[in-house]
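Here are three short exercises to work through with the model open in your viewer. Try each one before you read its solution.

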Amino acid sequence: MDKPLEGLLVLDFSQFLAGPSAALRMADLGATVIKIERPGVGELARQLYISDLELDGDSTLFHTINRNKQSYGADLKNPEDMVRVKKLIARADVMIQNFRPGVIERLGLGYETARALNPGIVYGTVSGYGKAGPWSHLAGQDLLAQSRSGLTWLSGNADQGPIAFGLSIADLAAGAHLVQGILACLVRRGIRKVGGLVEVSLMESVLDLQFELLTTYLNDGGKLPARGTRNSANAYLGAPYGIYETQDGYLALAMGSLAKLAEALEYPALNAFGEREQLFTQRDEIKRLIAEHLKQRPTDFWTAKLEAVDYWCAPVWDWNDLLNSDGFQALEFVQEVQRDNGARLRTTRCPISIDGERYYCGRGAPKPGEHTIGIDESFGLNA
């Protein structure tokens, strides 16, 4: 089956995670993605490590984010290289960049220049905090955006202080929002024959992730939520919502009837809290009772009891537990990608299925400038 974005040409000038993850998703969905990199050394993320793992000279982080792309070597300060790059822009459907505000304009590849070369181009840009305002010059780094946005303050118990999210959530959200905006402009282009400028920032994206809680705050007289003192999983939600220790592990409880929970756990003490308001006003006391009770039996015991009455719960697993489960196996979520020289990487597949089709690709991340000659020839860039 043809993938829905086959026939689209995407130029990826971005680095690190947010921009490249957007280009990755478009490659997963069938677009031809050409990564524009510095000759010889490539983008900085090739040497950005989140562990000591390395594959064929590049970090596994780079391999993960840049599978199924081609690499074109170009020095954006070299006039001859710029001539070729501008010829590519004239042919492209999408261009993605995440330089700090003002940098791409100084290099001569800002949106107005790209639009003059190609009126139908969809130009996507990622910044840390937008292109205007007192933060616009600051580094667009994930943890820093999390911290300024209030996200780290929301997590954990009241006495724990701010807790960072366990992965680069601001980058990943910004990349997803960038893809949404690009696809919206491509649809508009198909209708009205015009391109467009798509702008996202790490800050706006991580604020959008908080829209439920932030909306409550905005409509509650500016009253900050009080995180619970125990088993807190949401700054606003009442008991029993949270993660609890069991005899041999941990169990997550979502929202639900406290009466049903008391019955399933065979724990009538919970029936003393029969009013909805008590789930909030006596949240910590209810959670204390639940926590003491759940420690008496193993996770599987409680899970079976709760699932039997359709109470929302889940065991808390690590990746070993997850990957060995039948449910994960049914997803067929792991794929292997490979470079032409045989270097292989196991990674995840595209999470989107279309018309019942799961999308896989076997091509690994490119070497720096690996496809420059072929691209020059295919597009006649040396003419």
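Two strands count as paired if DSSP finds at least two bridges between them. Keep in mind that this is a predicted model.

**Exercise 1.** Work out in which sense strand 12 and strand 13 pair, and over how many bridges.

Solution. Start with the ranges: strand 12 covers residues 334–338 and strand 13 covers residues 344–348. Next, look across from Val334, and you'll find Thr348 of strand 13 opposite. The pairing is antiparallel, with five bridges. Finally, check the link: the two strands form a hairpin with five residues between them. Gly342 sits in that turn with a positive phi of about 95°.

**Exercise 2.** Find the buried residues of helix 9 and say why they lie on the same side.

Solution. Scan residues 202–209 with buried meaning under 20% relative accessible area. Leu202, Met203, Ser205 and Val206 of helix 9 are buried. They share a side of helix 9 because they cover an arc of only 165° around the axis. Now see what covers them: the list includes helix 1, strand 7, helix 6, helix 7, helix 8 and strand 8.

**Exercise 3.** Describe the second largest pocket: what lines it, and which helix gives the most?

Solution. First, the volume: the second largest pocket holds about 530 Å³ of space. Then list its lining, which has 18 residues, with Leu151, Leu154, Ser155, Phe165 and Ala233 nearest the centre. Sort that lining by type and you get 10 nonpolar, seven polar and one charged. Last, go by element: helix 7 and helix 10 each supply at least two lining residues, and helix 10 gives the most, with three.

Methods: Residues numbered from 1 in each chain as written. Predicted model: local features only at pLDDT ≥ 70, side-chain atom pairs only at ≥ 80, totals over all residues. Heavy atoms only, no water. Helix = DSSP H or I, 4+ residues; strand = E, 2+ residues; numbered from the N terminus. 1 Å grid on protein atoms, 1.4 Å probe; cavity = no way out; pocket = protein on both sides within 12 Å on 5 of 7 lines; lining within 4 Å. Points joined across faces, edges and corners; volume = space filled by probe spheres on them. Nonpolar A, V, L, I, M, F, W, Y, C, P; charged D, E, K, R; others polar. Buried < 20%, exposed > 50% of the residue type's maximum accessible area, 1.4 Å probe, protein only. Arc of directions from axis to C-beta. Contact = heavy atoms within 4.5 Å.
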